[in-house]
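Reader: I'm happier at the bench than in a viewer. Could you walk me through how to read a few features in this one?

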Amino acid sequence: MSLEHGRAVRLAATTRHLYDLGWMRGTSGNVSVVAQEDPRHLLVSASGIAKHATQPEHAVITDAMGQALEGQSHAPSAEAPVHAAIVDVSGARSVVHVHAMSSVLAAARWPSGVALTGVEQMKGLGCSAEGDVYTVPVVENSQDMAVLSERIRRALNPAVPVVLVADHGMYVWGASLDDAANRTESADWLLQHALLLDLVAPPGRRP
Ligand SMILES: [Zn+2]
């Protein structure tokens, strides 16, 4: 198995895993991994493929801007330029984008950013679980990928590998495909926790 085919196999398996968790309904969501540097190439989910049916041949090679290289049998996800921008600004090697309900609801509840502090699961994002407050940025959605990329570049908090896009979903990144997927699971847990805590024990009613 070539290195590239191996990456495509893992990209497809990760995509199906995230679909199984309920975060990639229909054809929504996408995953990318850096395939090479100098020049940088990304392996990105193909556009328009039902996520439960994703196979290794549904990975598309793009350049450092998220534009497909010539000779690909599928078009990359429309959001590939956003993945490319996050890799560029964060140094991540892999990016996951999902429409998890928790991310959309948390962005609606806290449109200026979601504060996370003092929860053990924060270690799953590479954050400290004691003391520090980490703010997950929220940016406005756009159908223009250049506009959305720029909003994420400006808002990105280097201490938190997550950005929420209002009325849309979230981007999560990491040092590898597994790292980005694991962090996505932690991010969903933390956002669900914040939303539920706000319901069962709002700030004024905590001891
Ligand atoms: Zn999306």
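Reader: Where does Asp167 lie?

Author: This is a predicted model, by the way. Asp167 is in the loop between β8 (162–165) and β9 (169–174). Take a look at the backbone there: phi of Asp167 is near 60°, a positive value in a residue other than glycine.

Reader: And is Asp167 buried or exposed?

Author: Count neighbours. A residue is exposed if 12 or fewer other C-beta atoms lie within 10 Å of its own. Asp167 has 10 C-beta neighbours inside 10 Å, so it counts as exposed.

Reader: Which other residue, not a glycine, has a positive phi?

Author: Try Asp38, with phi near 55°. Asp38 sits in the loop between β1 and β2, and it counts as exposed because it has 6 C-beta neighbours inside 10 Å. Check the next peptide bond too: from Asp38 to Pro39 it is cis, with omega near -5°. Pro39 belongs to the loop between β1 and β2 as well.

Reader: What about Glu37, buried or exposed?

Author: Glu37 is found in the loop between β1 and β2. It has 9 C-beta neighbours inside 10 Å, so Glu37 is exposed. For a sense of scale, Glu37 and Leu116 are 79 residues apart in sequence and 34 Å apart in space, C-alpha to C-alpha.

Reader: Now a helix. Why does the end-to-end distance of helix α1 agree with its residue count?

Author: Use the rise per residue. At 1.5 Å a residue, the 18 residues of helix α1 (residues 3–20) should span 26 Å, and the end C-alpha atoms are 26 Å apart, so the two agree. Just past α1, Gly22 takes a positive phi of about 90°.

Reader: Which residues of α1 are buried?

Author: Here's the general idea: an α-helix has 3.6 residues a turn, so residues three or four places apart point the same way. In α1, the buried residues include Arg7, Leu11, Thr14, Leu18 and Tyr19.

Reader: What do the buried residues of α1 pack against?

Author: They pack against β1 (30–36), β2 (41–45), β3 (59–62), β4 (94–98) and α5 (177–200).

Reader: Last one: in the largest nonpolar core, which residues touch the most other members?

Author: Out of 56 residues in that core, it's Ile86, Ile152, Val163, Leu164, Met170 and Tyr171. The element giving the most to this core is α5, with 7 residues. To trace one of the hubs by eye, start at Ile86: leaving out residues up to four places away in sequence, Ile86 touches Ala92, Val95, Ile152, Tyr171 and Trp173.

Conventions: Residues are numbered from 1 along each chain as its sequence is written. This is a predicted model: local features need pLDDT of at least 70, side-chain atom pairs count only at pLDDT 80 or more; totals for chains, interfaces and linings use all residues. Helices (H or I, at least four residues) and strands (E, at least two) are DSSP runs, numbered from the N terminus. The expected span of a helix is 1.5 Å times one less than its number of residues. A residue is buried if 20 or more other C-beta atoms lie within 10 Å of its own, exposed if 12 or fewer, and partly exposed in between; C-beta atoms are placed from the backbone. Two residues are in contact if their C-beta atoms, placed from the backbone, lie within 7 Å. A nonpolar core is a set of buried Ala, Val, Leu, Ile, Met, Phe, Trp, Tyr and Cys residues joined through C-beta atoms within 7 Å.
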